[in-house]
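Got the model open in your viewer? Please take me along, one selection at a time.

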Amino acid sequence: MLEIHKNYLLDENQQPIAVQIPIAEFEKIEEILENYGLAKLMEEVEEEKPLSKDEVLKYYQSLK
């Protein structure tokens, strides 16, 4: 499990309003979330038939 070193920011009433974490840990969290999202997208389309080369070219032309 990823250990996260947190620093809580408090308001004038000593209530927590934000959290600071080291940038390296933030970037690791981003990477984990991106990989999870990519895996989910790949699962969603794993039953779909791959596009042919001509279909891919036609699709990319439509994006221009």
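Here is a tour of the chain, from the overall layout to single residues.

**Before you click**

This is a predicted model, in which local features need pLDDT of at least 70 and side-chain atom pairs count only at pLDDT 80 or more, while totals for chains, interfaces and linings use all residues. Residues are numbered from 1 along each chain as its sequence is written, and side-chain values use heavy atoms, with hydrogens and water left out.

Color by pLDDT to begin with; that is the predictor's confidence in each residue, from 0 to 100. The chain has a mean of 94, and 100% of its residues reach 70 or more. Of the elements, strand β2 (residues 16-20) has the highest mean pLDDT, 98, and helix α2 (residues 53-63) the lowest, 93.

**Stop 1: the whole chain**

Switch to cartoon. You should find two helices and two strands, where helices (H or I, at least four residues) and strands (E, at least two) are DSSP runs numbered from the N terminus. Starting at that end, the order is β-β-α-α. The radius of gyration is 21 Å, well over the 11 Å that the globule rule gives for 64 residues, so the chain is more spread out than a compact globule. (That radius is taken over C-alpha atoms, and the rule is 2.2 Å times the number of residues to the power 0.38.) Turn the C-alpha trace along its principal axes and you get spans of about 60 × 30 × 20 Å.

How much of the chain is buried? Just 2% of the 64 residues count as buried, with buried meaning under 20% relative accessible area, exposed over 50%, and partly exposed in between (1.4 Å probe, protein chains only). The chain exposes about 6400 Å², and carbon and sulfur atoms supply 57% of that. Areas come from the Shrake-Rupley method with a 1.4 Å probe, and for residues only the protein chains shown count as cover. As for contacts (heavy atoms within 4.5 Å), take those between residues at least 6 apart in sequence: 13% of them join residues at least 24 apart.

**Stop 2: the nonpolar patch**

Now select Leu2, Ile4, Tyr8, Leu10, Val19, Ile21, Ile23, Phe26 and Ile32, and show a surface. Together they form a nonpolar patch with about 770 Å² of accessible area. Patches are made of residues with over 30% relative accessible area and no salt bridge; like charges are joined within 9 Å, nonpolar side chains (Val, Leu, Ile, Met, Phe, Trp, Tyr) within 5 Å. Two elements, β1 (7-10) and α1 (23-45), each give two or more residues to the patch. Helix α1 has the largest share, with three residues. Zoom in on Ile23, which is found in α1: this residue is exposed, at a relative accessible area of 57%.

**Stop 3: the loop between the strands**

Select Gln14, in the loop between β1 and β2. What is its phi? Gln14 has a positive value of about 60 degrees although it is not a glycine. Most residues other than glycine have a negative phi. The relative accessible area of Gln14 is 54%, so this residue counts as exposed.

**Stop 4: salt bridges**

Show side chains next. A salt bridge here is a side-chain nitrogen of Lys or Arg within 4 Å of a carboxyl oxygen of Asp or Glu, and the rule finds three.

- Lys28 and Glu31: their closest N and O atoms are 3.9 Å apart. Both residues sit in helix α1, three residues apart, about one turn of the helix. Glu31 is partly exposed at 39%, and Lys28 is partly exposed at 37%.
- Lys40 and Glu43: the N to O distance is 3.7 Å. This pair also lies in helix α1, three residues apart, about one turn. Glu43, at 46%, is partly exposed, and Lys40, at 36%, is partly exposed.
- Lys49 and Glu55: the closest N and O atoms are 4.0 Å apart. Lys49 is exposed, with 65% relative accessible area, whereas Glu55 is partly exposed at 36%.

**Stop 5: the loop between the helices**

Last, select Pro50, in the loop between α1 and α2. Is Pro50 buried or exposed? Its relative accessibility is 66%, so Pro50 counts as exposed. Add Gln61 and draw a distance: the two C-alpha atoms are separated by 18 Å, with the residues eleven apart along the chain.
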